[in-house]
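User: Please take a close look at one helix-helix crossing in this model. I would like the contact residues, the aromatic rings around them, and then the surroundings.

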Amino acid sequence: MNLFTAAEAAANYSTAGAGKTKLPIPKMMLLAILAGILIAFPGAVTNMATYALDNNSTVRMISGLLFAFGLGMVILSGAELFTGNTLISISVLDRKAKLSGMLRNWVFVYIGNFIGSLIVAFICAKFGWVGAGEGALAVFSMKVAVGKMTMPFQNAFFMGILCNILVTLGVLFSLSAKDVAGRILGAYTPVAFFVICGFNHSIADMFYCTVGLFSKAQYAAQAAEAGIAVESLTWGNYFLGNMLPVTLGNIVGGVCVGFLFWFCWLRGSKKKG
């Protein structure tokens, strides 16, 4: 068969996750920055493709179909993505990695993802990209950012859980395939689902929110005229209103999937073997 079973995919990730915890910090950071960039690019693509559209369902559909290629790029490049790495919980439960190693990976990868996202957002906002449509793209980017930063804490948290259930399933589905097409398709569909549903992904939000924040300096008046609450575009709202609840939700969702796959497919397998 041209695929791994669910048990084999879980075992494969258990080994791979253990390796992630042992990466040298410079390599881990560089691969994390790469992942941040690779997730920011689809964010830029979706904003550009939908900024002139008014129908929210159409915006989400197009965004989902385009953004979903991002996870495949991360997986095929070997980049380190925080949300996917919540599956290292499988390695910890399987006793192939230590809790301290998992937390070390999460911290440095999260920081690296943020740096990568920030680089793309800064370049897009400061060097003319958001000026498309006579500033309409900047206004749209700020609208998206405000929506993400002003979501009630509990909503952002639970949307983060649902999002990373799908993302981590996408990672595992990708690892179930033995060819490039299968790996991309395995990652593609769950990601398309979470974007179309409007669930929250902390690393994607790093781009969506910061490009809106960076756009504020030049296009605040234009956004205010469009009825956008520009005063809500603050770094405080970004970190406390978006990053904190979404990241916590992503962790819960990813760890739940990791526990499920370990419990169903790996628990006790060594004793049986």
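Analyst: In this predicted model, helices α7 and α11 cross in a right-handed sense. Helix α7 covers residues 99-126 and helix α11 covers residues 202-225; their axes come within 8 Å and cross at roughly 35°. On the α7 side the contact is made by Tyr-110, Asn-113, Phe-114, Ser-117, Leu-118, Val-120, Ala-121, Phe-122, Cys-124, Ala-125 and Lys-126. On the α11 side Ser-202, Ile-203, Met-206, Phe-207, Thr-210, Val-211, Phe-214, Ser-215 and Ala-217 take part. Sorted by class, the contact of α7 with α11 holds 14 nonpolar, five polar and one charged residues.

Phe-214 leads from this contact to the aromatic rings. A search of the whole structure gives 18 aromatic pairs. In one of them, Phe-214 and Trp-235 have ring centres 5.8 Å apart and planes at 65°, so the pair is edge-to-face. The two residues are 21 places apart and link distant parts of the chain, with Phe-214 in helix α11 and Trp-235 in helix α12, which runs over residues 235-266. Phe-214 is buried, at 15% relative accessibility, whereas Trp-235, at 36%, is partly exposed. Ring pairs also join Phe-114, Phe-122, Phe-127, Phe-214, Trp-235, Tyr-238 and Phe-239 into a cluster. Phe-114 and Phe-122 of α7 and Phe-214 of α11 also belong to the helix contact.

Helix α12 also contains Leu-240. With a relative accessibility of 59%, Leu-240 counts as exposed. Apart from residues up to four places away in sequence, Leu-240 touches Phe-153 and Pro-245. Between the C-alpha atoms of Leu-240 and Thr-150 the distance is 9.8 Å, although these residues are 90 places apart in sequence.

Ile-203 of α11, a member of the contact with α7, is also touched by Ile-39. Ile-39 is located in helix α2 and is buried, at 3% relative accessibility. Setting aside neighbours within four places in sequence, the contacts of Ile-39 are Phe-67, Gly-70, Leu-71, Val-74, Leu-81, Ile-203 and Ala-204. The C-alpha atoms of Ile-39 and Phe-158 are separated by 21 Å, with their positions 119 residues apart along the chain.

Gly-70, Leu-71 and Val-74, which Ile-39 contacts, are among the buried residues of helix α4. That helix covers residues 69-77, and its buried residues are Gly-70, Leu-71, Gly-72, Val-74 and Ile-75. The cover over them includes α2, α3 (56-67), α9 (153-175) and α10 (180-197). After α4 comes Gly-78, with a positive phi near 75°.

Helix α2, residues 25-50, also contains Thr-50. Thr-50 has 1% relative accessibility and therefore counts as buried. Outside the residues up to four places away in sequence, Thr-50 touches Val-59, Ile-62, Ser-63 and Phe-140.

Two loops flank α7. Most residues other than glycine have a negative phi. Arg-95 has a positive phi near 60° and is not a glycine. Arg-95 sits in the loop between α6 (88-93) and α7, and at 77% relative accessibility it is exposed. Glu-134 likewise is not a glycine and has a positive phi of about 55°. Glu-134 is placed in the loop between α7 and α8 (136-149), where its relative accessibility of 75% makes it exposed.

The cysteines remain. A search of the whole structure finds zero disulfides. For Cys-163 the closest cysteine sulfur is that of Cys-197, and because the two sulfurs are 10 Å apart they are too far for a bond. Cys-163 is buried, with a relative accessible area of 0%. Cys-264 is in no disulfide either; the nearest cysteine sulfur belongs to Cys-256, 13 Å away. Unlike the buried Cys-163, Cys-264 is partly exposed, at 46% relative accessible area.

Methods. Residues numbered from 1 in each chain as written. Predicted model: local features only at pLDDT ≥ 70, side-chain atom pairs only at ≥ 80, totals over all residues. Heavy atoms only, no water. Axes fitted to C-alpha atoms, helices over the stretch in contact; angles between N-to-C directions. Helix = DSSP H or I, 4+ residues; strand = E, 2+ residues; numbered from the N terminus. Left-handed = near helix turned anticlockwise from the far one by under 90°. Contact = heavy atoms within 4.5 Å. Nonpolar A, V, L, I, M, F, W, Y, C, P; charged D, E, K, R; others polar. Buried < 20%, exposed > 50% of the residue type's maximum accessible area, 1.4 Å probe, protein only. Disulfide = S-S within 2.5 Å. Phe/Tyr/Trp six-rings, centres within 6.5 Å; stacked < 30°, edge-to-face > 60°.
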